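Student: I'd like a close look at one helix crossing in this protein, please. Could you then carry on from there to the other parts that are worth a look?

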Amino acid sequence: MKKLLIALFLFPVTLVVAVPSAKPRLGEAPVRKIVAAMSLEEKAGLLVGTSMEGYAGEGAVTGRTLKTVPGSAGTTRSLESYGIPTTVMADGPAGLRIDPERAGDARTYFCTAFPIGTMLASTWDEAAIERCGAAMGNEVLEYGCDVILGPGMNIHRHPLCGRNFEYYSEDPLLSGKCGAAMVRGIQSQGVGTSVKHFAANNQESMRLQNDARVSQRALREIYLRGFEIAVKEGRPWTVMSSYNRINGPYTQESRELLTSVLRDEWGYEGLVVSDWIGKRNTVAQVHAGNDLMMPGEPAQAREIVEAVRSGRLAEADVDRCVTRVLEYILRTPRFRKQAVSETPDLEAHAAVSRQVAAEGMVLLRNEGAALPLAAGCNLSVFGVNAYDCIAGGTGAGHVNKAYTVDLDEGLRNAGFRLNTRTADLYAKYMSFGEALLAEQNALRYLGEKWFVPETTLTPEFIASRAADSDAAIVALGRNSGEYNDRPTSDFYLTEAERELLESVCSAFHAAGKKVVVVLNIGGVIETMSWKELPDAILLAWQGGLEAGNAMADVLSGRVSPSGRLPMTFPADYSDHPSSKNFPLDYRGRRGDWADDAPERHLRNLGFTCYEEDIWVGYRYFSTHAPEAVSYPFGYGLGYTTFEWTDAAVRRSGTDYAVTLRVTNTGSRAGREVVELYVAAPQGALPKPVRELRAFAKSRELQPGESQALTLRFAAADLASFDERISAFVVDSGRYMAELGRSADDIVQRLPFVAKASERKVHDVLKPQEPLRRLKF
């Protein structure tokens with residue numbers, strides 16, 4: 001009987017123990033407890049995207065929260081039993097890219113096309129970029145996405161990289177500051193960014209296989225520095241590993257890059273996501289710290305499980321990645337169950353785009369005060385891109401926008417009269433050309449199109465327009481994008497463009513009238529051979545959907561140009577030392593272009609030697625080839641003049657501060673950019689004659705008005721990387737703070753003394769074989 005009572009007593013206890021406990025839920029239990037409760041299969045699944053499921057999905061709404069966003073780039077996997085929702089990532093970086101139309105839905109879902117990255121860098125204005133980012137981030141939020149895949153942070157190693165328009169500059173400091181500002185702006189809206197493409201993704205040719213063979217010094221000082229600034233000052237939610245290799249391993253599989261440098265040295269705590277690619281070495285990616293494989297394939301999850309069970313992968317590596325994925329999800333609008341309006345204030349965002357675009361235009365030439373144009377004057381507008389404006393580049397950087405304001409429309413909106421004979425002629429020509437290209441363009445995607453080619457006009461027609469117009473504008477355009485680098489021919493004016501420019505300048509100058517060239521381009525072109533023909537040149541870049549209005553704002557004087565070049569305009573593309581090792585026209589035949597032997601190109605497939613080392617952009621030109629520059633880094637004119645006074649440098653703790661007073665000495669309101677370079681004493685390592693260390697931009701100053709500016713840099717910023725000891729080294733001695741209007745126009749020099757210092761870092765990312773280095 002006693003045994004029976006004991007059995008009856010224990011039976012219900014046994015039942016209670018046998019009932020499975022509820023799974024911990026994200027947001028209620030600590031992340032570590034959720035990771036501990038998950039099966040290996042669940043963990044592996046969470047590290048792999050959903051193969052772009054829903055890329056063109058239904059976009060069904062539940063409780064005003066979209067399950068998917070049609071046209072987004074991909075989603076993460078949900079685990080509902082743990083309260084883990086799907087999150088949505090969408091392309092950028094010049095604006096959110098989603099599908100503007102949906103099946104069975106009469107509404108539209110257009111986004112704002114903002115100025116391209118290179119144009120944002122031309123503002124030299126972190127606050128303006130942050131405003132642009134906030135508007136962009138609001139659209140990410142209101143359209144139900146969690147992360148926008150941008151900003152792009154790669155260096156303009158060569159003018160012909162197809163994606164340079166997405167990136168900021170040839171200089172890592174300017175790139176890093178711009179990227180950090182964009183990250184702060186976007187993430188101020190409660191959504192995330194993905195700083196990309198980490199790292200050395202400086203060409204499109206063979207980008208999936210290319211091995212960037214680059215010295216540790218050039219990596220540390222040039223190609224990683226901008227990312228470091230963006231990570232430390234912007235604190236992005238995610239960083240995107242690039243497609244390419246660096247000195248052997250793929251970046252997605254490089255523990256030295258993703259853990260030793262990014263996490264251990266820089267203190268990054270966010271998520272690392274792969275660039276969108278099929279299977280690679282999944283096990284190596286997880287071990288490296290590439291937390292999330294996108295867009296993901298089911299086989300990758302199986303590979304993770306099998307590798308852990310066979311002992312080839314430590315489950316601790318998996319747990320670290322899963323932890324970071326969950327920490328990312330906790331921050332997202334989807335986890336917060338953010339309501340989705342799908343109605344962002346596109347009108348207000350267009351106004352931001354227009355304002356920032358005007359701030360980013362660079363006045364390259366203005367002889368005889370040709371600009372601004374007289375109010376209401378009669379203009380003959382030449383060039384097909386005046387009537388078909390390029391708002392932005394192609395590929396992932398393309399934005400589905402509701403409209404684009406062309407230059408001719410913007411000029412009319414600004415009150416200018418357009419010569420009807422010129423405008424009517426181009427209207428007929430454009431209509432005919434677009435009809436011929438319509439079928440071909442219908443087959444293209446992500447912003448790609450064949451533009452109507454430039455046409456030649458008879459001398460008699462142009463002479464007649466010089467007689468019945470007050471001035472001429474000649475618009476020249478270029479576009480580029482993902483997948484291909486620009487051909488060398490794209491760097492030069494076509495025969496038709498040159499003939500048009502020469503004919504218009506000749507006829508209008510003979511009539512005593514001015515000619516203005518407007519460059520609607522995404523990357524550098526040749527200017528040396530023709531820049532003295534017109535009276536003015538406005539580098540208008542690609543200004544987003546309000547580009548035409550923004551151009552007119554500057555041409556009319558409503559906005560005084562204050563943009564400065566974020567890269568060098570060389571006399572010729574081949575003047576860049578990287579041209580010796582850039583794919584140029586050898587598309588699809590990647591290799592080492594150190595000589596011109598085609599058989600060598602075909603033997604050495606799959607790598608690029610960065611033989612120019614640290615000598616990128618103005619660092620090379622100012623030090624070794626100043627005569628090879630058409631327009632220097634940092635160059636730009638305005639409609640007024642400024643005087644700099646009371647400049648001084650002082651040390652405060654570990655930082656230096658340079659102060660000065662900027663005064664508008666002209667007759668128009670305007671803004672001034674002050675560039676601070678530092679010239680270092682000669683030490684054990686060769687150094688450029690100067691390097692950018694800080695910059696500042698004044699507010700708009702009225703004639704006679706002044707503003708005090710302070711430019712700061714840290715003592716550590718003076719360091720160069722010594723590969724022999726794997727350390728950043730500051731030499732002691734006398735330095736020179738150089739205040740300049742460009743890398744080649746130094747206004748004032750201020751000496752200061754720095755003490756020697758040394759900061760050790762991991763000895764990683766070594767070339768696998770000795771590197772050749774160019775001699776200058």
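**From a helix crossing outwards**

Tutor: Happily! Helix 16 and helix 17 cross in a right-handed way, a crossing being right-handed if the near helix is turned clockwise from the far one by less than a right angle, and left-handed if anticlockwise. This is a predicted model, where local features need pLDDT of at least 70, side-chain atom pairs count only at pLDDT 80 or more, and totals for chains, interfaces and linings use all residues. Residues are numbered from 1 along each chain as its sequence is written, and side-chain values use heavy atoms, with hydrogens and water left out.

Helix 16 covers residues 459–468 and helix 17 residues 495–510; helices (H or I, at least four residues) and strands (E, at least two) are DSSP runs, numbered from the N terminus. Their axes lie 9 Å apart, and the packing angle is about 40 degrees (axes are lines fitted to C-alpha atoms, for helices over the stretch in contact, with angles from 0 to 180 degrees between N-to-C directions). The two helices are therefore oblique to each other; angles under 35 degrees count as roughly parallel, over 145 as roughly antiparallel, 65 to 115 as roughly perpendicular and the rest as oblique.

Now set another pair beside it. Helix 13 (residues 346–360) and helix 18 (residues 547–556) have axes that come within 8 Å and cross at roughly 45 degrees, which makes helix 13 oblique to helix 18. This crossing, too, is right-handed.

On to the sheets. Strands 9, 7 and 18 form an open sheet in that order, with parallel pairing (two strands pair if DSSP finds at least two bridges between them). Strand 9 (245–246) and strand 18 (607–609) are the edges, each with a single partner strand, so one side of each has no neighbour in the sheet. Strand 7, residues 211–213, is joined to strand 18 by three bridges, and A212 faces T608 across that pairing.

A second open sheet has six strands in the order 3-4-5-6-8-10, and its pairing is mixed. Strand 3 (74–75) and strand 10 (271–274) are its edge strands, pairing on one side only. Within this sheet, strand 4 (residues 88–91) runs parallel to strand 5 (residues 147–149), and three bridges join them; D91 stands opposite L149 there.

Strand 6 (residues 192–198) holds a backbone detail: H197 is found in it, and the peptide bond from K196 to H197 is cis, with omega near -10 degrees. In the loop between strand 6 and strand 7 you will find A200, which is not a glycine yet has a positive phi of about 60 degrees. Another cis bond joins L371 and P372, with omega about 5 degrees; P372 belongs to the loop between strand 11 (362–366) and strand 12 (378–382).

Lastly, the empty space. The model has four cavities of 30 Å³ or more, a cavity being a set of points, on a 1 Å grid over the protein atoms alone, where a 1.4 Å probe fits but cannot get out. The largest has about 90 Å³ of space, a volume being the space filled by probe spheres set on the grid points, which are joined across faces, edges and corners. Its lining residues, with an atom within 4 Å of a point, include P93, I116, F165, E166, Y168 and G397. That lining divides into nine nonpolar, two polar and one charged (Ala, Val, Leu, Ile, Met, Phe, Trp, Tyr, Cys and Pro count as nonpolar, Asp, Glu, Lys and Arg as charged, and the others, Gly among them, as polar).

Definitions and conventions. 1 Å grid on protein atoms, 1.4 Å probe; cavity = no way out; pocket = protein on both sides within 12 Å on 5 of 7 lines; lining within 4 Å.
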